[in-house]
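Please look through the structure shown below. The report that follows describes some of its local features.

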4 protein chains.
Amino acid sequence: MNFASDNTAPASPEILAALTAASHGAVSSYGADPITARVSARLDEIFERPVTSFPVATGTAANALALATIVRPFGAVICAEEAHIATDECGAPEFYMGGAKLVTLPSPDGRITADQIDAAMARAIDGGIHHVLPEAVSITQATEWGTVYTVEQVAAVAAACKRHGLKLHMDGARFGNALAHLGCTPAALTWQAGVDVLSFGATKNGALAAEAVIFFDPALADGFERRRKRAGQLWSKMRFLSAQLDAYLEADLWRRNAAHANRMAQHLAAILRDIPGVSIIQDVQANEIFAAMPDDLIEALHADGAHFYRWIETPGTAHPIVRFVTAFSTTEADIETFRLAAQRRVRQAA
Amino acid sequence: MNFASDNTAPASPEILAALTAASHGAVSSYGADPITARVSARLDEIFERPVTSFPVATGTAANALALATIVRPFGAVICAEEAHIATDECGAPEFYMGGAKLVTLPSPDGRITADQIDAAMARAIDGGIHHVLPEAVSITQATEWGTVYTVEQVAAVAAACKRHGLKLHMDGARFGNALAHLGCTPAALTWQAGVDVLSFGATKNGALAAEAVIFFDPALADGFERRRKRAGQLWSKMRFLSAQLDAYLEADLWRRNAAHANRMAQHLAAILRDIPGVSIIQDVQANEIFAAMPDDLIEALHADGAHFYRWIETPGTAHPIVRFVTAFSTTEADIETFRLAAQRRVRQAA
Amino acid sequence: MNFASDNTAPASPEILAALTAASHGAVSSYGADPITARVSARLDEIFERPVTSFPVATGTAANALALATIVRPFGAVICAEEAHIATDECGAPEFYMGGAKLVTLPSPDGRITADQIDAAMARAIDGGIHHVLPEAVSITQATEWGTVYTVEQVAAVAAACKRHGLKLHMDGARFGNALAHLGCTPAALTWQAGVDVLSFGATKNGALAAEAVIFFDPALADGFERRRKRAGQLWSKMRFLSAQLDAYLEADLWRRNAAHANRMAQHLAAILRDIPGVSIIQDVQANEIFAAMPDDLIEALHADGAHFYRWIETPGTAHPIVRFVTAFSTTEADIETFRLAAQRRVRQAA
Amino acid sequence: MNFASDNTAPASPEILAALTAASHGAVSSYGADPITARVSARLDEIFERPVTSFPVATGTAANALALATIVRPFGAVICAEEAHIATDECGAPEFYMGGAKLVTLPSPDGRITADQIDAAMARAIDGGIHHVLPEAVSITQATEWGTVYTVEQVAAVAAACKRHGLKLHMDGARFGNALAHLGCTPAALTWQAGVDVLSFGATKNGALAAEAVIFFDPALADGFERRRKRAGQLWSKMRFLSAQLDAYLEADLWRRNAAHANRMAQHLAAILRDIPGVSIIQDVQANEIFAAMPDDLIEALHADGAHFYRWIETPGTAHPIVRFVTAFSTTEADIETFRLAAQRRVRQAA
């Protein structure tokens, strides 16, 4: 019953097996190996065009490297106030970008809009050279509130970016979950909608530690390799990073894993909706559920061994907000155990 | 017959097995897991004192994070001209340290001396505030020329550091190989000799991607955790980084692997010494061999499928310099194949 | 009738004369000259204790260097949302600090409170190592809204800083104006109240380009000299920077200049208060006036040659907000000219 | 008798007068003033083409900002081992560039050659992504050894830059002195020879604190304004920075000052050549003289009140190396006083 995060999950057996399979004989290091080449080809296929892709080990590295590549040190990135890059990466974007700032926009559901971008740019330009001038927008898909931008919403943000000469980055730590929700193609959700660079997540969805930074225009990727190297993010035994992605992409494992996690979230949400006093406060579109829950029920369920976090306090809600996250490894049994625990606690309280 | 580098090697089966074993159930992320705790305890034991240790994925990250923790942005690090941090990390130390410089000292065999440090400090102090003032020394053990500092040599460097208020960092990407050569304890070679922080390598010696930064004084490690996080070097599924180190340290795997690699280097060196026209130009003390070799023999052996690099040209040598590296995975058969190829080529040439 | 900013003003004649007087013969460069020594002694006297002071040319440099000295690259600074460091220095603090972030707090009048700091620290600590942890607070005195912290308010902020282990920086670009308003001693308003480091402004108050960074604890200033040098902020002909400060401090020029500017602001405020439809929205405590003013009156006065800025739009105000700034060089005649123009425009509109 | 440095000199009276003249009435801040516009026009005229120019206060700021604008954080700058940017700016280039490295080349007379650049690029490319890749070359004109690149030498360096896609920066802290020696036009020595960006020095040659960064291709200057602002190098009362440059350029003051300093250096050199045991070790082409001088004579002249520095020890020279610098303010009387002191000391020793 661990719903604390999708990074408390183990790794997909297929991915572990791929590591063992890859550990055979000597191969060239630093990415000049056949597995890395295969991942690159797979990503071209999945995105229906030649892409420029770079494996890295963590989502923070993927985001920070991507942003540093498209934003100059005296620039800025527009993002949601609750964006992972703004709140949960301990300043990694600022570090990698050389001090560029994040310009954060309030967002009740994690999504930002073209209008907000227009307004932020107007303010920035109004400030002249005394203010940082944004050079990129970063959106998270699925968002930190478990919601998903539609293709149209992404396209609207991208259109605002084009108007202002901004690059568009998508933090896709849960890209698979977003895709599973929308049922569209990876291409439709990214470059066809106007995304310039994607942090393509795998770690939360079955890998040990693997993401890919994907540029849809190779010219934008200029300098990325040296940035990755000097960040200490280039693995010497790169085959072991690439092998994870290779297995992740093989036979649609990534889409199956994500679809499963989303399904588990729907089951869990259905149970939560049935608990008196609990209200789900965001649309459940990916693998996260945010709910207002009475304090004593939180304590009781924690005591029952259910792991989930108290989240940021939201003024105006009667109860604390809690977050549940499902993963590829969440089982029907986990959900059922939770259901029983909740039911028992509700009966006790009645 | 791949002697190109120890990072062309696969991973130790024990380490792969540990990954699979670790992938079981949900555990807390970001290092609050039992495997990470066990690695910490193992390192305390190995170094015969409580140490403050942090797993990271790459040697470059280990070095750059260690140096950034002990050197301020306006400081500098003294190291050998051919130090990996100076030549092969694409500016990672400068990036992590926020622009601090490396002050490089010439070294024919990869080792630097207390006298050189004294002289470098005299020059720096003479320059006043217009010059960067070193705050640390970094030595590589085993060095980039395959040589090994004796315990006494490390202690002499450390004494110079103490005289000048410098911290001493040891880049131990091949620490196991150095130790196997010296036969001393890890404690004797590090904190007992005056080392403040160690990049403890595992990747080159059997891991997939794992190193540990080890501080011998916990006060020195202040801020390291946030630096690691904002560098994108903190794994969410930390168990998979720690599991590698756990297996690496278990039953002395690391020392066995290193000793094997060193032994293979000795065998290979013996063969090379017997080849007319070839001269080994550095003491073979770890798992690297540097030799002057006639150009046509290099070409011939490359054609035979022997992988090894042409190295930095050294003025005054008649032949090009080549580097051979052995690894935990180098086999007697590899060596024998090379011997036969070399013999055949020598006969042909005769 | 230029009320656009106190930096549109010229320089005090006394300060210009000091430059000419200083330009005599050869003296040691980089601060080892007698004028710099005299400024240092004067500042000790003014602050009633030995202080460690460093002249620099701009307020942005003073703030950014001060903050970089007391905050590590992975830390953060708490400040008001409208703080100059957050909005008008194009990311200078982030650049100098090596990527550390600003944590901004909303403030209707430019002042932040101990309670806000407590809350910000609670949020930061709650986020663990994924969030930046503030290491300093920066307050502006007088604030960007023309208000002034009382000594008690500074002391309350300082007490909150002490509770959380934070250093307290005061951006005193208009320190003289604040002091003139309060009538207290410089010591009372700074170190006696708990301020650790002060950006002591002179440029807006009569200098050409001169500020001093003043540390009240010499230990805190460690490394400042090299930071200043590598920032390109150390003048070779330092006498010309110091001479400005020397004349500024001589015979209380700084206090007289500031008192005059404040007085002019009061006169101007009195006139503005008498204009129908205009309302002053902040207490006028230093040399800035913020007023809501009907759009057509703004246009009319601009047409009359009165220089003043439209300011940030404040939702909920009927009219645009405008800012007037007075300076040491503002004359009674300027004020009277404005009064006549305003009267004429009011009559026209009636 | 102060020959310690040209920055121990006072300011030209014309420049001081310009400051006083500029301090009149209110003008727009941050560079939107008529004096700044006039400087810009003057520089266009002097360089015989429209240039993009930015006043800053120090030579270190000029160099560091120029380099940061043309080199990315993961790049590098090729320069001479004794270049001011490498030895005397306390890491300012590294700070401003965000960690990019300097690749230094040995140079006995301060000049570097096209061949050296070719070789440095070959080494860098050979190292692949593990090595930093230079993106610019910086040459100093006049050099740190008091020598001057001919136009042809500059053009040869520039040609090497073009071959390798490198930008060419000229540190012209003593540009006027170089020009006075060569007698060519500013255009011939810069953009016509292939220089991309010039640090145009004024401080050492009569200003209080003023330099200009001059880009010959406006596209290269992209972002400079925000870099200058966030570096705290943008003066609010910009007129006082520009007024210095304005007077400096007016009626060829800069060329007259430089020619005078060079002439004084020739006189001084003639005297030094006549002293038994003293040998001048570099061509005296600008306003610096480097000489080997017996230790006791150094001490004696210092005792006589002659200021000059002992310089970097050069192995293989019998006597210590000393440096003499003349300035616009050096008088015939200073030289004569030195001549008499030297003669007296020589007689005493005889």
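A residue is called buried under 20% relative accessible area, exposed over 50% and partly exposed in between, using a 1.4 Å probe and protein chains only. By this scale Glu48(A) is partly exposed, because its relative accessible area is 49%.

The model is a predicted one, in which local features need pLDDT of at least 70, side-chain atom pairs count only at pLDDT 80 or more, and totals for chains, interfaces and linings use all residues. Residues are numbered from 1 along each chain as its sequence is written, chains are lettered from A and ligands numbered from 1 in the order in which they are written, and side-chain values use heavy atoms, with hydrogens and water left out.

The predictor's confidence in each residue, from 0 to 100, is called pLDDT. Chain A has a mean pLDDT of 96, and 99% of its residues reach 70 or more. For the complex, the predictor gives an ipTM of 0.96 and a pTM of 0.97.

**Cores**

A nonpolar core is a set of buried Ala, Val, Leu, Ile, Met, Phe, Trp, Tyr and Cys residues joined through side-chain atoms within 4.5 Å. The largest has 191 residues, and the members that touch the most others are Phe47(C), Val137(C), Phe200(C), Phe47(D), Val137(D) and Phe200(D). Apart from it lies another core of 186 residues, including Leu65(A), Ala193(A), Phe240(A) and Val157(B). In soluble globular proteins, nonpolar side chains tend to be buried together.

**Two buried loop residues**

Helices (H or I, at least four residues) and strands (E, at least two) are DSSP runs, numbered from the N terminus. Contact means heavy atoms within 4.5 Å.

Ile112(B) sits in the loop between strand E3 (101-105) and helix H6 (114-126) of chain B. Ile112(B) counts as buried because its relative accessibility is 3%. Beyond its neighbours within four places in sequence, Ile112(B) is in contact with residues including Ile78(B), Leu105(B), Val137(B) and Tyr149(B). The C-alpha atoms of Ile112(B) and Val137(B) are 9.7 Å apart, and 25 residues separate the two in sequence.

In chain D, Trp145(D) lies in the loop between strand E4 (133-140) and helix H7 (151-164). At 8% relative accessible area, Trp145(D) is buried. Among its contacts, leaving aside neighbours within four places in sequence, are Glu82(D), Pro108(D), Phe290(D) and Trp311(D).

**A helix pair in chain B**

Axes are lines fitted to C-alpha atoms, for helices over the stretch in contact, and angles run from 0 to 180 degrees between N-to-C directions. The axes of helix H12 (residues 253-273) and helix H14 (residues 332-349) of chain B come within 10 Å and cross at roughly 10°. Angles under 35 degrees count as roughly parallel, over 145 as roughly antiparallel, 65 to 115 as roughly perpendicular and the rest as oblique. H12(B) and H14(B) are therefore roughly parallel to each other. In H12(B), Met264(B), His267(B), Leu268(B), Ile271(B) and Leu272(B) meet Glu332(B), Ile335(B), Phe338(B) and Arg339(B) in H14(B).

**Backbone angles**

Most residues other than glycine have a negative phi, and most peptide bonds are trans. The table lists some exceptions.

| Place | Feature | Angle |
|---|---|---|
| Glu48(A) | positive phi | near 60° |
| Asp252(B) | positive phi | near 60° |
| Gln141(A) to Ala142(A) | cis peptide bond | omega near -10° |
| Gln141(D) to Ala142(D) | cis peptide bond | omega about -10° |

Glu48(A) belongs to the loop between helix H2 (34-46) and strand E1 (52-56) of chain A. Asp252(B) is in the loop between helix H11 (239-249) and H12 of chain B.
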